[in-house]
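This report introduces a protein chain to a reader who meets it here for the first time. The account begins with one residue and widens from there.

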Amino acid sequence: MIKIQNYNEIEKEFFEGRAFGDSNEIVEGVLKEVKEKGDAALRVYGSKFDVSVPESFEVSQEELKAAAEKLKINNREVYDAIVYSHDLALKFAKLQRESFTDFEVELETGIFTGQKTIPVETAGCYVPAGRFPLVSTVIMTVTPAVAAGVKNVIMCTPPRVHPADRTTADKSGSGIPGKAFTGGKAYADEGIMAAAYICGVNHLYAVGGSQAIAAMAYGTESIPKVDVIVGPGNKFVASAKKAVYGTVGIDMVAGPTEVLVIADKTANPAWVAADLLAQAEHDIVAQPVMVTTDRKFAEKVSDEIETQLETLTTKATARQSIDTYGRIIIAESMEQAAEIANRKAPEHLELAMEAGAERDKIKELVHNYGSLFIGHYAAEVFGDYAAGLNHTLPTSGSAKFTGGLSVRMFLKTVTTLRVDEGKSGTVKSAVASGYLGDAEGLAGHAKAARLRITK
């Protein structure tokens with residue numbers, strides 16, 4: 001059962017980040033081997049960790065297209081949902097892209113400074129395909145890269161046995177964890193392939209785990225080196241991303257997922273309980289939290305959680321999350337609830353409050369979160385799937401200093417300088433630069449500046 005506690009009973013550890021993605025020997029070994037041996041290392045680790053090691057890692061565009069067409073025929077509702085989600089995400093990402101403007105301005109007479117926003121050349125997206133193949137993550141990682149103008153968007157995702165190879169694999173007892181089928185055609189989860197085609201992936205490679213991160217970071221004979229790597233994954237993927245940062249850019253090192261719901265007495269207990277369980281079913285270490293000023297409401301939500309758990313197909317996972325990491329906090333005021341949220345800096349923050357002055361006040365008070373969901377109808381799962389927002393968000397308190405994955409990740413803002421000879425601003429800048437060079441003992445700097453105004 002979910003824990004209910006008063007504000008003054010909150011442990012110090014609740015507000016501390018939960019470590020995830022620490023370096024370890026396994027990941028360090030994988031990164032080193034892939035960097036040195038390329039595709040050969042991918043095959044070795046694929047045999048250990050994946051169910052298939054294809055002859056060629058790239059899944060053809062024909063296969064991606066076929067997966068999309070198959071989904072359209074066999075499960076039109078899901079196909080249409082992917083298209084709808086992608087359309088909204090693309091609209092939102094394009095608006096983000098338009099917010100980064102290029103300019104050149106004359107700061108002083110003859111001194112023209114400018115800014116240019118340029119997309120990276122190659123982006124790498126990682127999409128997990130374990131217990132739950134994350135079709136929506138294809139949309140959330142690929143779409144902002146495309147909107148940014150990235151020329152080459154590649155994806156790595158764990159391999160599957162190609163349907164044409166299934167009979168052979170079954171006869172040999174391979175194509176299962178611990179005994180990979182080798183030498184067949186490249187293939188991946190069909191939903192992920194369909195989404196990749198819809199979203200415009202340029203190249204998809206059937207490689208999973210930390211070895212996929214290494215391949216994108218360093219490049220192999222088959223997989224190109226990328227400029228940035230984005231996307232979630234298990235602790236090995238997270239550790240690998242952390243280790244290669246600096247060689248490539250990364251979106252973030254994601255930890256266990258979390259939601260914090262600030263609820264007033266107008267909230268629907270069943271809706272709030274459902275939102276907490278939606279987060280809890282992700283992982284046994286997911287953290288679902290609610291803050292309210294009303295203990296009776298807290299008890300109603302607790303009862304609703306127990307009722308809904310009984311029919312939840314993901315009960316086993318959600319149960320552990322709720323019992324171990326879930327909690328309901330009784331605050332003394334809604335202002336105190338906002339303070340808790342700002343100290344916690346949750347990945348997802350919901351304001352389950354009626355529209356009005358009180359909600360507006362709390363909305364202005366909170367400022368540390370990955371995404372903010374305002375009002376009873378703004379379910380966090382809309383942000384996960386189909387509302388235009390990106391669901392790749394900062395966790396473990398990192399929302400205090402960064403936002404979620406956006407078009408910004410695939411853009412670099414560079415500056416320009418153009419100077420006219422003999423203008424007053426030119427002379428002032430040269431003189432000032434000369435004196436600053438002298439002050440720092442850098443005579444070459446000073447000379448390079450003064451030569452520009454010496455006749």
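Leaving aside residues up to four places away in sequence, Val138 touches Val127, Thr143, Met155, Ile192, Ala195, Ala196 and Cys199, where contact means heavy atoms within 4.5 Å. The model is a predicted one, in which local features need pLDDT of at least 70 and side-chain atom pairs count only at pLDDT 80 or more, while totals for chains, interfaces and linings use all residues. Residues are numbered from 1 along each chain as its sequence is written, and side-chain values use heavy atoms, with hydrogens and water left out.

**The chain as a whole**

The chain holds 17 helices and 17 strands; helices (H or I, at least four residues) and strands (E, at least two) are DSSP runs, numbered from the N terminus. Its C-alpha trace spans about 85 × 65 × 45 Å along the principal axes. Of the 455 residues, 50% count as buried, a term for under 20% relative accessible area, with exposed for over 50% and partly exposed in between (1.4 Å probe, protein chains only). Among contacts between residues at least 6 apart in sequence, 76% join residues at least 24 apart.

**The nonpolar cores**

In soluble globular proteins, nonpolar side chains tend to be buried together. A nonpolar core is here a set of buried Ala, Val, Leu, Ile, Met, Phe, Trp, Tyr and Cys residues joined through side-chain atoms within 4.5 Å. The largest such core has 44 residues, and those touching the most other members are Val138, Val142, Val150, Met155, Leu204 and Phe410. At least two residues of this core come from each of helices H3 (61-74), H4 (76-98), H5 (135-148) and H7 (190-199), and likewise from each of strands S6 (122-126), S7 (152-157), S9 (203-206) and S10 (228-230). The most is given by H7, with seven residues. A second, separate core has 27 residues, among them Val27, Val34, Ile154 and Val226.

**Helix packing**

Two helix pairs may be described in turn. Axes are lines fitted to C-alpha atoms, for helices over the stretch in contact, and angles run from 0 to 180 degrees between N-to-C directions. Helix H1 (residues 25-37) and helix H9 (residues 235-244) pack at an angle of about 60°, with their axes 10 Å apart. H1 is therefore oblique to H9, since angles under 35 degrees count as roughly parallel, over 145 as roughly antiparallel, 65 to 115 as roughly perpendicular and the rest as oblique. Ile26, Val27 and Leu31 of H1 make the contact with Phe236, Ser239, Ala240, Ala243 and Val244 of H9. By class, this contact of H1 with H9 has seven nonpolar, one polar and no charged residues; Ala, Val, Leu, Ile, Met, Phe, Trp, Tyr, Cys and Pro count as nonpolar, Asp, Glu, Lys and Arg as charged, and the others, Gly among them, as polar.

H4 and H7 pack at an angle of about 40°, and their axes are 10 Å apart. This angle makes H4 oblique to H7. Tyr79, Ile82, Val83 and His86 in H4 meet Ala195, Ile198 and Cys199 in H7. The contact of H4 with H7 comprises six nonpolar, one polar and no charged residues.

**A covered helix**

Helix H8 (residues 209-218) is mostly covered, with nine of its ten residues buried. The buried residues of H8 pack against H1, helix H2 (39-49), S6, S7, S10 and H9. After H8 comes Gly219, whose phi is positive, near 85°.

**Loop residues**

Two residues have a positive phi although neither is a glycine.

| Residue | Phi | Loop between | Relative accessible area |
|---|---|---|---|
| Ala345 | about 50° | helix H13 (334-344) and strand S15 (348-352) | 0%, buried |
| Ser396 | about 55° | helix H15 (380-385) and strand S17 (411-419) | 22%, partly exposed |

Thr109 lies in the loop between strand S4 (103-108) and strand S5 (111-119). Thr109 is partly exposed, with a relative accessible area of 41%. Its contacts, not counting residues up to four places away in sequence, are Lys423, Ser424, Gly425 and Thr426. The C-alpha atoms of Thr109 and Val419 are separated by 9.1 Å, although the two residues are 310 residues apart along the chain.
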